[in-house]
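Biologist: I am new to this structure, and I would like to learn how to read it one feature at a time. Could you take me through it slowly?

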Amino acid sequence: MTAFDTEDDILPRAGVIGWPVDHSRSPKLHGFWLAQYGLSGRYDRLPVPPEEVGAFLEALPKEPGFRGVNVTIPNKVAVLPYLAEIDPVARRIGAVNTIVVREDGSLHGSNTDAFGFLASLRADAPKMWRAANGPAVVLGAGGASRAIIVALLDAGVPELRLTNRSRDKAEALAVEFGNRIQVVDWEKRAGALAGANLLVNTTSLGMGSQPVLDLPLNDLPATALVNDIVYTPLETDLLAAAQARGNPVVDGLGMLLHQGRPGFEAWFGVAPEVTPELRAAVLA
Ligand code: ATR
């Protein structure tokens with residue numbers, strides 16, 4: 001049994017490569033859209049360990065029907081050497097989450113996380129947030145943080161305050177991404193909220209069995225938008241505390257849903273929508 005096994009190989013196909021990949025919600029997301037738009041096609045979980053990424057991608061263009069794949073943990077960096085072209089945003093993020101097989105069989109890589117992040121803020125909090133209106137505070141300096149930093153800098157934030165438990169990682173990002181990034185000690189994170197226009201948690205704190213995020217919000221302006229990219233649970237302690245004091249909030253599910261849009265359109269030819277029904281289906 002290989003990742004390519006299929007009973008009907010003429011349908012347009014895509015999938016998600018990860019290791020393990022059982023947890024991925026992408027099949028629910030793309031499966032919902034395929035049904036919603038009445039498209040015959042399929043989207044599968046494709047278990048591919050990082051050491052097999054090269055062989056998988058070399059075989060991909062020869063597989064009948066395959067239009068491309070999403071890439072998830074731990075393969076987002078491992079795929080880079082096998083792509084004929086990598087879009088500039090993905091290069092800056094340093095990771096690819098969407099691959100399209102082009103007509104000549106070559107592979108194009110992009111990263112739709114930055115798009116998904118901004119699209120989710122714009123869809124779920126219309127008129128509540130303008131990047132240029134003030135500083136953004138970003139908690140965390142991992143892979144998700146890189147995509148969000150690129151998104152916020154491109155959207156025009158005047159200042160980005162970055163705080164991370166391991167300060168060296170935040171400092172490396174400040175060196176890489178330029179002088180609009182101010183690094184704040186993790187111990188001083190509550191003070192970084194003064195005058196902020198946006199607060200984003202990109203750490204795993206507050207997710208499932210992880211510790212909760214300890215962050216007093218007293219200094220955060222009441223108009224600041226608060227976003228948590230954690231979506232299990234959907235309402236994290238951070239979002240509950242922000243909402244209780246009247247701040248507008250956006251949960252983490254929107255970023256997951258919106259980041260899937262460009263891939264679906266490229267593979268299946270329809271620009272999909274994010275609806276309440278989709279949210280419910282992906283959470284189920
Ligand atoms: P992702 O790709 O989702 O960003 P990651 O690259 O593993 O995941 O990054 C996890 C982030 O959560 C990091 O910023 C990490 O901080 P460190 O760089 O100091 O490890 C942060 N994080 C995880 N557990 C944490 C904890 N208990 N306290 C503070 N930060 C934590």
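Modeller: Let us begin with a pair of strands, keeping in mind that this is a predicted model. Strand 1 (residues 13–18) and strand 2 (residues 42–47) run parallel and are joined by 6 bridges.

Biologist: Which residue of strand 2 is the bridge partner of glycine 15?

Modeller: The partner of glycine 15 is aspartate 44, which belongs to strand 2. To follow the chain between the two strands, look for helix 1 (residues 26–36), through which the chain crosses from strand 1 to strand 2 in a β-α-β crossover that is right-handed.

Biologist: Elsewhere in the model, in what order do the strands of the open sheet stand?

Modeller: A sheet is read from strand to neighbouring strand, and here the order of the 6 strands is 9-8-7-10-11-12, with parallel pairing. Strand 9 (181–185) and strand 12 (249–250) each have a single partner strand, so they stand at the edges and one side of each is left without a neighbour in the sheet.

Biologist: How many bridges join strand 10 to strand 11?

Modeller: Strand 10 (residues 198–201) and strand 11 (residues 225–228) run parallel, with 4 bridges between them. If you look for valine 200, you will find that its bridge partner in strand 11 is asparagine 227.

Biologist: Into which domains is the protein divided?

Modeller: The division gives domain 1, made of 13–112 + 260–283, and domain 2, made of 115–252. Taken over C-alpha atoms, the centres of domain 1 and domain 2 are separated by 27 Å. Where the domains touch, domain 1 supplies 10 residues to the contact and domain 2 supplies 7 residues.

Biologist: Which element gives the most to the side of domain 1 that touches domain 2?

Modeller: That is helix 3 (residues 88–93), which gives 3 residues. By character, this side of domain 1 divides into 5 nonpolar, 3 polar and 2 charged residues.

Biologist: What does UniProt list for residues 135–204?

Modeller: An unreviewed UniProt entry lists residues 135–204 as "domain: Quinate/shikimate 5-dehydrogenase/glutamyl-tRNA reductase". In the model, that span is 34% helix and 26% strand, and its end C-alpha atoms lie 22 Å apart.

Biologist: Before I finish, what are the mean pLDDT of the protein and the scores of the model?

Modeller: The mean pLDDT is 96, and 97% of the residues of the protein reach 70 or more. For the model as a whole, the scores are ipTM 0.97 and pTM 0.95.

Definitions and conventions. Residues are numbered from 1 along each chain as its sequence is written. This is a predicted model: local features need pLDDT of at least 70, side-chain atom pairs count only at pLDDT 80 or more; totals for chains, interfaces and linings use all residues. Domain bounds come from an automatic or database domain assignment. Two residues are in contact if their C-beta atoms, placed from the backbone, lie within 7 Å. Ala, Val, Leu, Ile, Met, Phe, Trp, Tyr, Cys and Pro count as nonpolar, Asp, Glu, Lys and Arg as charged, and the others, Gly among them, as polar. pLDDT is the predictor's confidence in each residue, from 0 to 100. UniProt positions are given in the numbering used here, feature names are shortened, and annotations may be inferred rather than shown by experiment. Two strands pair if DSSP finds at least two bridges between them. A crossover is right-handed if, with the strands pointing away from the viewer, the path from the first strand over the helix to the second runs clockwise.
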